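Student: I should like to go through this structure step by step. May we begin with the backbone and then turn to the ligand and the rings?

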Amino acid sequence: MTSIAKSPGKIILFGEHFVVYDNRAILGAIDKYATVTSEKTNTDNILISSSLGKTSIQKDEDEYKIEKKFRPFFHIAKQLISKNNFNKGISIKIESDIPIGAGLGSSSACCVAAAASISNLFNNTDEKEILELAIQAEKTIFPNSSGADCTVSVYGGIIEYQRERGFSKINTESEFNFLIINSEQVHATNKVVERVRKFKEKNEDVFFKLCSEEERLITKALDSMKNNDLEMIGKCMAQNQIFLEQIGVSNDKLLSIIKEIEKITFGAKITGAGDGGCIIALTQKDNDLSEYVNTTKYQTHQVSIQKIGMQVFNT
Ligand code: PMV
């Protein structure tokens, strides 16, 4: 049997950074996917192939000796082989159209798709178990991962996420479309998070006030989403961007992209850690953005919210 699973990437609509301090964040799954194809094999090895390379590893190997680019997938395969008392190996092929290292949840989507595809080889498609395994796998390379990216990749749609309370799905019939602009400026999430921590330590009162303002903004944004009020959602995004500027995670390049794109969309902001990475702008489905898309020097992606999350198939 060949098992195939497909899982979406993500954007953060509201609340990045503030979520680290137990405030809410709103995330959306996007229609860009990681696809993992897996099969049981007759060898003792775990075979992994992706655009980053190929490897064949003895299944008893210590996972911390394995290159980071393969480690989460080895972890998933090894766990499921052992749990199901399977005495042979597994082959895993990872494909993805989610840009890597851009804050669009590529690594989480690959972990979710791998956990779903391999679990299905053992006839298990329980979403909760797949999510737990995907988060565990991601933690082998990003120990501080909050799990929010994997959660939205499993369940799809738009979720509200809070560290302590977990997640809830936002029920909305509306269709949301975004233009993603990749600044192609490399950023390191952990460094930006650390900088914000220092900012918070030095400016406790300012930070505390920003957290409450962000909370109020999220309540307003959620109401606007339920009412399909694109103009108001766009304004909330622009306001969220101002808060991100105040905590020091924006820069001139990102600001110039935002200034340009907000002229032709409802509103724009950084998505994720900032200091580089991607900008998201809320658009109307039939907005003609071709002039911008064809003339900008940046890579762009037109995406919509993917509502169903991970999907599993047998062939
Ligand atoms: O850049 P991303 O998509 O990995 O998002 C980071 C989001 C932060 O809130 C900055 C950190 C976190 O762990 O939530």
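Student: In which loop is the place of Asn228?

Tutor: This is a predicted model, in which local features need pLDDT of at least 70, side-chain atom pairs count only at pLDDT 80 or more, and totals for chains, interfaces and linings use all residues. Residues are numbered from 1 along each chain as its sequence is written, and side-chain values use heavy atoms, with hydrogens and water left out. Helices (H or I, at least four residues) and strands (E, at least two) are DSSP runs numbered from the N terminus. On that numbering, Asn228 is in the loop between helix H6 (204–226) and helix H7 (230–246).

Student: Is Asn228 buried, partly exposed or exposed?

Tutor: Buried means under 20% relative accessible area, exposed over 50%, and partly exposed in between (1.4 Å probe, protein chains only). The relative accessibility of Asn228 is 39%, so Asn228 counts as partly exposed.

Student: What is the phi of Asn85, and where is Asn85 found?

Tutor: Most residues other than glycine have a negative phi. Asn85 is not a glycine, yet its phi is positive, at about 50 degrees. Asn85 is found in the loop between helix H1 (71–83) and strand S5 (89–96).

Student: How much of the ligand does the protein bury?

Tutor: A polar contact with the ligand is a pair of N or O atoms within 3.5 Å. Polar backbone atoms of His17 and Ala273 lie 2.9 Å and 3.0 Å, respectively, from an oxygen atom of the ligand. Accessible areas come from the Shrake-Rupley method with a 1.4 Å probe. Taken alone, the ligand exposes 380 Å², of which the protein buries 83%.

Student: Why is the pair of Tyr155 and Phe167 described by that one word, stacked or edge-to-face?

Tutor: Rings of Phe, Tyr and Trp (its six-membered ring) pair if their centres lie within 6.5 Å; planes under 30 degrees apart count as stacked, over 60 as edge-to-face and the rest as tilted. By this rule there are five aromatic pairs. In the pair of Tyr155 and Phe167 the centres are 4.9 Å apart and the planes at 25 degrees, so the pair is stacked.

Student: Which parts does this pair tie together?

Tutor: Tyr155 is buried, at 18% relative accessibility, while Phe167 is partly exposed, at 33%. The two parts are 12 residues apart in sequence, and because Tyr155 lies in one and Phe167 in the other, the pair ties together helix H4 (residues 148–155) and strand S7 (residues 166–170).

How values were computed:
Polar contact = N/O pair within 3.5 Å; in protein donor to acceptor, adjacent residues only side chain to side chain.
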